[in-house]
Amino acid sequence: MEVHTRQLQYFVAVAEELSFTRAAQRLHVSQQGLSTQIKQLEHDMDVTLFSRTTRQVELTAAGAAFLRHVRDAFSSLNSGLEEARAVHRGERDRLVLGCLEGAALTLTEPILSAFRTRFPAVAVELQHFTYETPSAGLTTGQVDVAIVRRPFEDDGLRFETLFRQPLMAMLPVTHPLADRAEVTAAQLLDEPILSSAATDPVWNGFWQLDSHRDGRPAPIASRAKTLLEELHQVATGAAIAMTVPCAGWIKFPGVRLVPVADTAASEVAVCWRPETTNPLVRSFIEIARRVRDANPELLARLQAPRCRVRHTAPLSA
C-alpha cells in the first residue's frame, strides 16, 4: 500500500481541526480536494478514520490510534531531515553532555562508545556537575543533553529512564545500625543527616527522607557537594547520609552502607529540553535507550540492593 506524506499531512490537519473547512484553509487547498484525499487514504487503508455528520467531524478509535503513529513518524522524519542537512553543511559537529556525579555508572561508557561509533565526526564534550546542580546544566542551558538522577525540580524537562537504584543508609561503622541487614526510614529520622549543597527543594527533600517526616524538619548536620565529601563526614561520625549501592565502589574506611527497606528508588535518566532542535540529542537518546535494552544483566547489577561490581577509583563518567 502506498501512503503519501501529503495524505498524512491532510489527515493530521483534519484530525487537529476536526473540520474539513478549517483544515483546507490551514493547508491552502480546496475542501473538495482535501476530502477526496482523505477518502482515498481510508480506502487504501481499509479503515474509517473519521466519523462525519452534517454538524461535526470526529476521529474514530482507529483514527486516534493512527494519529499517534503519524505524529511520531513526522517527528522522526523531520529530525532525520534536519540531521542530514546539518551533516551536509558540516554543522552539528559537537554534543555537550552534562553528567551528574557518577553519570550512568558502568552503563556510561557503552552509551558513549555506541554514540561515537555512529557519529565518529562528532566531538562529545563532557561537563561534570556536583550535587549543587541536579539538572547537570540543562536548566541553565550549559549542555545539550544530560545524565541525571531524579527527582529534582525539572521545569518541564523530558526524561528517558535508564535504571533505578534503591536507597542505602551511609553510616559510620560504629553506628548501632551499621551491622543490620537492612533498616527502615523511621529508624533514621532522628539521626543528624547530611543534605546537599543544592537549593533544589525536591532534590534535597528526597535525600533527607522528607516524605517520611510528616512535615517535621530534617536535623541537617551539614551539607555536601560530592560523594567524597559525604564519605569523609560520615566516617567522622558527624552524620549519616542517604546514597545508592554503588557508592560502595569507593573503598572508604569507617563507612558502611545498609539498605533502607521502605524508601523510593533513585532514578538515573537521560534528560533533555523538549524545545531542543539539535538532532544529535534525539540520536543520543535513542542510542542510550538501545544500549540500556541490550544490557539486562548489567542493569540487574546496577539495580541490586548491593552492587556486585567493585571499583578502586572514585565514580566518574
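In which helix is Leu227 found? Leu227 is found in helix α7, which comprises residues 227-235. The legends below describe a predicted model, in which local features need pLDDT of at least 70 and side-chain atom pairs count only at pLDDT 80 or more, while totals for chains, interfaces and linings use all residues. Residues are numbered from 1 along each chain as its sequence is written, and side-chain values use heavy atoms, with hydrogens and water left out.

**Figure 1. Overall view of the protein chain, with its nine helices and twelve strands.** The radius of gyration is 25 Å, well over the 20 Å that the globule rule gives for 317 residues, so the protein chain is more spread out than a compact globule; this radius is taken over C-alpha atoms, and the globule rule is 2.2 Å times the number of residues to the power 0.38. Helices (H or I, at least four residues) and strands (E, at least two) are DSSP runs, numbered from the N terminus. Along its principal axes the C-alpha trace spans about 80 × 45 × 35 Å. Among the 317 residues, 47% count as buried, where buried means under 20% relative accessible area, exposed means over 50%, and partly exposed lies in between, with a 1.4 Å probe and protein chains only. Of the contacts with a separation of 6 or more, 73% are accounted for by residues 24 or more positions apart, a contact being heavy atoms within 4.5 Å.

**Figure 2. Close-up of the two ends of helix α7, Leu227 and Ala235.** Leu227 counts as buried because its relative accessibility is 4%, whereas Ala235, at 30% relative accessibility, counts as partly exposed. The C-alpha atoms of Leu227 and Gln142 are 23 Å apart in space, and the two residues are 85 residues apart in sequence. Ala235 and Ile193, which are 42 residues apart in sequence, are separated by 13 Å from C-alpha to C-alpha. When neighbours within four places in sequence are left aside, Ala235 is in contact with Phe252, Pro253, Gly254 and Val255.

**Figure 3. Close-up of the largest nonpolar core, a set of 47 residues.** A nonpolar core is a set of buried Ala, Val, Leu, Ile, Met, Phe, Trp, Tyr and Cys residues joined through side-chain atoms within 4.5 Å. The members that touch the most other members are Met170, Leu188 and Met242, and the largest share of this core, four residues, comes from strand β7, residues 168-172. Apart from this core lies another, of 33 residues, which has Ile111, Phe115, Val124 and Val291 among its members. Not counting residues up to four places away in sequence, Leu188 touches Ala169, Leu171, Leu177, Val183, Leu209, Ile240, Met242 and Val260.

**Figure 4. Close-up of Gln7 in helix α1, residues 5-17.** With a relative accessibility of 4%, Gln7 counts as buried. Its contacts, leaving aside neighbours within four places in sequence, are with Glu2, Gln37, Gln40, Leu41 and Asp44.

**Figure 5. Close-up of Thr48, in the loop between α3 (31-45) and β1 (50-52).** Beyond the residues up to four places away in sequence, Thr48 touches Glu42, Thr60, Ala62 and Gly63. Thr48 and Pro151 are 103 residues apart along the chain, and their C-alpha atoms are separated by 43 Å.

**Figure 6. Close-up of the loop between β5 (145-150) and β6 (158-165), where Pro151 is found.** Most residues other than glycine have a negative phi, and most peptide bonds are trans. The peptide bond from Arg150 to Pro151 is cis, with omega near 10°. Asp155 lies in the loop between β5 and β6, and has a positive phi of about 50° although it is not a glycine. Asp155 is exposed, because its relative accessible area is 67%.

**Figure 7. Close-up of His28, in the loop between α2 (20-27) and α3.** The phi of His28 is near 60°, a positive value in a residue other than glycine. Since its relative accessibility is 72%, His28 counts as exposed.
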